[in-house]
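Colleague: I am new to this one, and I would like to learn how its labels are justified. Could you show it to me and take my questions one at a time?

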Amino acid sequence: MSDEEIDDAALADEWAAALEQQDDDASAEVAATADEVVPAPLDDLMAQAEAAPSAMPLIDSDNPNLDVILDIPVSLSMEVGSTQINIRNLLQLNQGSVIELDRLAGEPLDVLVNGTLIAHGEVVVVNEKFGIRLTDVISPSERIKKLG
């Protein structure tokens, strides 16, 4: 064996030892981490949850606390009407084009919250801005029926 082959073999042995040591260290680290994150029994977690003061009040089904949801933003939109057109006609639209909608003139607009119909209304002008006056509000039970 030449000196060069001996040096290569020694270098390969050193690399193998270093990699083996690295694998052993990583295995020990994973084992230590696994010991730290083993969950406590469910009974212990439930006892801790009951004993700890809650940052957010629990919602009771008989007496719901609506304060927890009152500040959630929702998207409110008014729909004048809708229609379907093919892409050819869509590409031919330009300034001044008129699109026929599925609503008659004077029919109430749909008021949607996050895409769900909640009311009907009519357009009004308030301080030179458009607004909507609600004429019919859909009851929660009717909204639930429409979902199913």
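Modeller: Happily! Let me start with a definition: two residues are in contact when heavy atoms of theirs lie within 4.5 Å. Please also keep in mind that this is a predicted model.

Colleague: With that cut-off, which residues does D110 touch, apart from residues up to four places away in sequence?

Modeller: D110 touches S77, M78, E79, R103, L117, A119 and H120. D110 itself has its place in strand 2.

Colleague: Why is D110 called buried?

Modeller: The label needs a relative accessible area under 20%. D110 has 13% relative accessibility, so D110 counts as buried.

Colleague: What makes the pairing of the D110 and H120 side chains a polar contact?

Modeller: The limit for such a pair of N or O atoms is 3.5 Å. The side chains of D110 and H120 come to 3.0 Å, which is within that limit, so the name fits. The side chain of D110 has a polar contact with that of R103 as well, at 2.5 Å.

Colleague: And where do D110 and H120 sit relative to each other in the strands?

Modeller: H120 belongs to strand 3, residues 116-126, and D110 stands opposite H120 there. On the strand 4 side, H120 has D136 as its bridge partner.

Colleague: How do you know that strand 2 and strand 3 are paired?

Modeller: Pairing asks for at least two bridges. Strand 2 (residues 109-113) and strand 3 have five bridges in the antiparallel sense, so they pair. One of the matches is V113 with T116 in strand 3.

Colleague: What about strand 3 and strand 4?

Modeller: The rule is met there too: these strands have eight bridges, again antiparallel, so they count as paired.

Colleague: What joins the strands in those hairpins, and which residues have a positive phi?

Modeller: In the hairpin of strand 2 and strand 3, two residues lie between the strands, and N114 takes a positive phi near 50°. The hairpin of strand 3 and strand 4 also has two residues between its strands, and N127 in the turn has a positive phi of about 50°.

Colleague: Stepping back, what is the order of the strands in the sheet, and which are the edge strands?

Modeller: The sheet is open, with four strands in the order 1-2-3-4 and antiparallel pairing. Strand 1 (76-79) and strand 4 (129-137) are the edge strands, as each pairs on one side only. Neighbouring strands are turned by 40° against each other on average, direction ignored.

Note on methods: Residues numbered from 1 in each chain as written. Predicted model: local features only at pLDDT ≥ 70, side-chain atom pairs only at ≥ 80, totals over all residues. Heavy atoms only, no water. Polar contact = N/O pair within 3.5 Å; in protein donor to acceptor, adjacent residues only side chain to side chain. Axes fitted to C-alpha atoms, helices over the stretch in contact; angles between N-to-C directions. Buried < 20%, exposed > 50% of the residue type's maximum accessible area, 1.4 Å probe, protein only.
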